[in-house]
Amino acid sequence: MSRLFAALLTCFMMLFNLPAQAALTIEITKGLTDVPVRPIAVMNFAGEAAAENLGQIIRNNLSRSGMFNMIDSDRLPAGIALTGPVNDEALNEMLADYLVRGETRREGDNVVFSYEVLKKSDGSKVLSNQFRAHHSRWRDAAHFISDAIYEHITGYKGIFSTRIAYVNAYRRDGVMRYRLELADIDGARRTVLLDSSEPIVSPSWSPDARRLAYISFESMQPQIVIHDLQTGKRQTITSFNGSNSAPAWSPDGRRLAMSLSKDGNPEIYVMDVATRALTRVTNHPAIDTEPRWSPDGQNLLFTSDRSGRAQIYQLNLSESQPRRISFGGVFNARADISQNQQFLALVHSSGDGRYRIGIMNMENRLFSTLTDNAMDDTPSFAPDSRLVVYSTKQGGGVGLRIESLDGRASWRIPAITGDLKSPAWSPLIR
Amino acid sequence: MNIALKYTTLGLLAVSLSGCALFQKKTTEAPPQESGPLAPVIGGGAIGAEINAAGIRVCSDADRNALFATLGSEAGALETRVFYFDTDASNLKPETEGALMTHAKLLSKVGVARVQLTGHTDERGTQDYNLALGERRANAVARYFSAAGVKAEQMNVVSYGKERPVADGSNESAWQQNRRVELDYTVCR
């Protein structure tokens with residue numbers, strides 16, 4: 001019944017395409033906006049080792065998430081200090097629902113970080129923790145604390161400690177080069193993993209966030225490479241004739257789905273990473289590529305143009321026949337499924353010449369566009385199932401943007417030089 | 001006694017206690033080496049390794065001209081070595097077939113000659129789909145050559161999808177120039 005209603009609603013909205021878009025978006029992301037935006041105050045951290053603005057990073061994180069309304073510390077009532085007892089009258093007077101305070105203390109090479117979250121309504125300490133980390137890890141500490149606060153108050157997974165892998169295509173001495181990089185989700189702390197004269201495409205994270213698989217053209221042919229992020233060791237795992245592309249790690253970390261054309265045209269294969277044994281799971285003369293695992297490991301979603309143009313198909317691995325799941329528009333490709341299995345992000349073209357990020361609700365199959373750009377690619381969900389990173393053409397170059405499905409958060413990862421593309425959001429790094 | 005008042009008192013007591021105890025009370029610490037800021041640094045290994053590939057080796061101009069000369073007066077058509085395609089299509093355009101046929105003739109005649117066929121697409125659509133589309137285009141040329149008698153070992157097919165455009169810009173003129181297969185002679189004698 002509700003599905004019928006959803007279908008009718010979709011048809012109805014197609015007829016009246018204009019204001020319906022907003023309503024449809026709300027319908028699709030229903031539930032996401034149930035969590036209210038909370039006013040919160042985060043004070044600077046007390047202590048000698050606090051030079052690196054822990055409070056500022058936490059404020060930036062929480063405010064970037066779109067789930068908090070940041071109350072300036074200088075608007076706090078007089079009775080609230082960085083440390084020491086909190087005057088409860090002052091707590092009651094503050095404009096924020098929550099107050100975050102913290103302190104750092106140097107202990108040799110380490111720093112002891114402590115923080116607490118006080119709730120206005122009853123003055124209770126809803127969260128407090130203390131941990132020790134090397135003094136070089138202050139930014140990690142700030143993200144770790146942000147995650148804990150965010151999770152406690154919103155109920156969503158904190159994703160400030162996660163990272164984004166991407167490719168930076170840039171010019172050196174007039175020649176294109178390709179860097180595989182990692183950055184924090186605000187674009188800080190860029191880490192160059194590899195700097196190659198040949199293209200690098202489609203990095204995919206292992207579920208333990210310790211390895212990346214990607215396509216490298218360093219041998220002048222595409223190969224799939226596994227890169228160990230701890231040791232820096234790289235291993236070429238496929239270099240078959242034809243294309244070796246679109247690696248995707250299974251949720252159990254033991255298999256890689258990929259697209260290989262070694263048998264004549266691109267088909268989806270699943271490789272057992274330990275034994276390198278390959279199982280072919282599609283069999284069609286069309287292009288089959290961009291496989292993605294459902295979080296339960298039971299299904300593969302992939303792009304195929306077997307209907308004429310690219311559309312998304314779903315294959316239950318215990319069956320042999322994939323079924324088409326995207327129908328609207330002339331082009332739907334490179335689906336990514338959210339960790340809660342509720343949403344699909346994909347590259348969508350309605351036929352108007354634009355390629356935008358679309359979101360499909362897997363429960364009611366309603367579809368909506370998330371972005372309003374001309375040339376988007378490579379959507380990748382954060383592990384909170386709420387944020388999506390993607391590449392988009394902006395001002396002559398290609399850059400990365402992040403949007404939340406509920407429309408509350410939106411920011412850009414700035415490029416220092418060249419294009420940023422192929423973003424892949426890491427799993428939770430715990 | 002009023003229950004609400006009692007709870008309020010307890011609440012205030014809790015606040016003042018927590019306030020006093022702040023930063024002195026030993027709370028549970030995160031386990032080392034596993035989570036958050038204590039986990040190993042991601043990407044802490046050999047960072048920033050640089051790869052400089054040799055690139056594809058193509059024939060010298062002199063060798064290529066000498067090879068082309070074997071076709072005599074027909075050699076002019078061999079100067080066309082980039083072939084264009086329609087949007088999302090991989091079928092050969094009729095206007096490209098003259099040049100393709102001449103290359104096929106040369107390759108069948110000179111068995112030692114080798115070519116690389118490199119497929120490309122415009123920027124529209126996704127990276128991996130375009131890798132496949134570029135390959136389909138290069139394969140269309142390879143199939144045409146095969147049918148004309150060129151041996152499989154004379155051809156190497158590779159696709160760069162949308163990774164290597166020759167024209168910038170998001171307009172039909174740029175896209176048109178980018179939807180192409182490039183033919184390079186890699187062995188000429």
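Helices (H or I, at least four residues) and strands (E, at least two) are DSSP runs, numbered from the N terminus. Everything shown in these close-ups comes from a predicted model.

**View 1. Ala209(A) sits in a loop with a positive phi.** Start with the stretch between strand S9 (200-205) and strand S10 (211-216) of chain A, where the loop holds Ala209(A). This residue isn't a glycine, yet its phi is positive, at about 60°. It's tucked away too: Ala209(A) counts as buried because its relative accessibility is 0%, and the cut-off for buried is under 20%.

**View 2. Thr378(A) also has a positive phi, this one in a strand.** Here we're looking at strand S25 of chain A, which covers residues 376-381 and includes Thr378(A). Its phi is about 55°, again without being a glycine. With a relative accessibility of 1%, Thr378(A) counts as buried.

**View 3. His143(A) and its surroundings in helix H5.** His143(A) belongs to helix H5 of chain A, residues 138-154. Is His143(A) buried or exposed? At 3% relative accessibility it falls under the 20% limit, so it counts as buried. Its side chain makes a polar contact of 3.0 Å with the side chain of Asp184(A). Once you set aside neighbours within four places in sequence, the residues touching His143(A) are Ile57(A), Asn61(A), Phe160(A), Ser161(A), Asp184(A) and Arg189(A).

**View 4. An aromatic cluster in chain A, and a charge over a ring.** Phe68(A), Tyr150(A) and Phe160(A) are linked into a cluster by ring pairs. Phe160(A) may look familiar, as it is one of the contacts of His143(A). Elsewhere in the chain, look for Tyr156(A): the charged end of Arg386(A) sits over its ring, 5.9 Å from the centre.

**View 5. Phe68(B) meets Tyr185(B) edge-to-face.** How many aromatic pairs are there over all chains? The count comes to ten. In the one picked out here, the centres of Phe68(B) and Tyr185(B) are 5.2 Å apart and the planes make an angle of 75°, an edge-to-face arrangement. The two rings come from distant parts of the chain: Phe68(B) is in helix H2 (residues 61-69) of chain B and Tyr185(B) in strand S5 (residues 180-187) of chain B, 117 residues apart. Both Phe68(B) and Tyr185(B) are buried.

**View 6. Chain B, with Arg124(B) over Trp175(B).** The charged end of Arg124(B) sits over the ring of Trp175(B), 4.0 Å from its centre. For context, chain B has five helices and five strands, and from the N terminus on they run α-β-α-β-α-β-α-β-α-β. Of the 189 residues in chain B, 47% are buried. Among contacts in chain B with a separation of 6 or more, 74% are between residues 24 or more positions apart. Its accessible surface comes to about 9200 Å², with 56% belonging to carbon and sulfur atoms.

**View 7. Two nonpolar cores, lying apart.** In soluble globular proteins, nonpolar side chains tend to be buried together. Here the largest nonpolar core has 44 residues, and Ile40(A), Leu62(A), Ile149(A) and Trp425(A) have the most contacts inside it. H5(A) gives the most to this core, with seven residues. Another core, of 31 residues, lies apart from it, with Ala113(B), Ala138(B), Phe145(B) and Met155(B) among its members.

Key: Residues numbered from 1 in each chain as written. Chains lettered and ligands numbered in written order. Predicted model: local features only at pLDDT ≥ 70, side-chain atom pairs only at ≥ 80, totals over all residues. Heavy atoms only, no water. Phe/Tyr/Trp six-rings, centres within 6.5 Å; stacked < 30°, edge-to-face > 60°. Buried < 20%, exposed > 50% of the residue type's maximum accessible area, 1.4 Å probe, protein only. Lys NZ or Arg CZ within 6 Å of the ring centre and 35° of its normal. Contact = heavy atoms within 4.5 Å. Areas by Shrake-Rupley, 256 points an atom, 1.4 Å probe, with all protein chains shown as cover. Polar contact = N/O pair within 3.5 Å; in protein donor to acceptor, adjacent residues only side chain to side chain. Core = buried A, V, L, I, M, F, W, Y, C linked by side-chain atoms within 4.5 Å.
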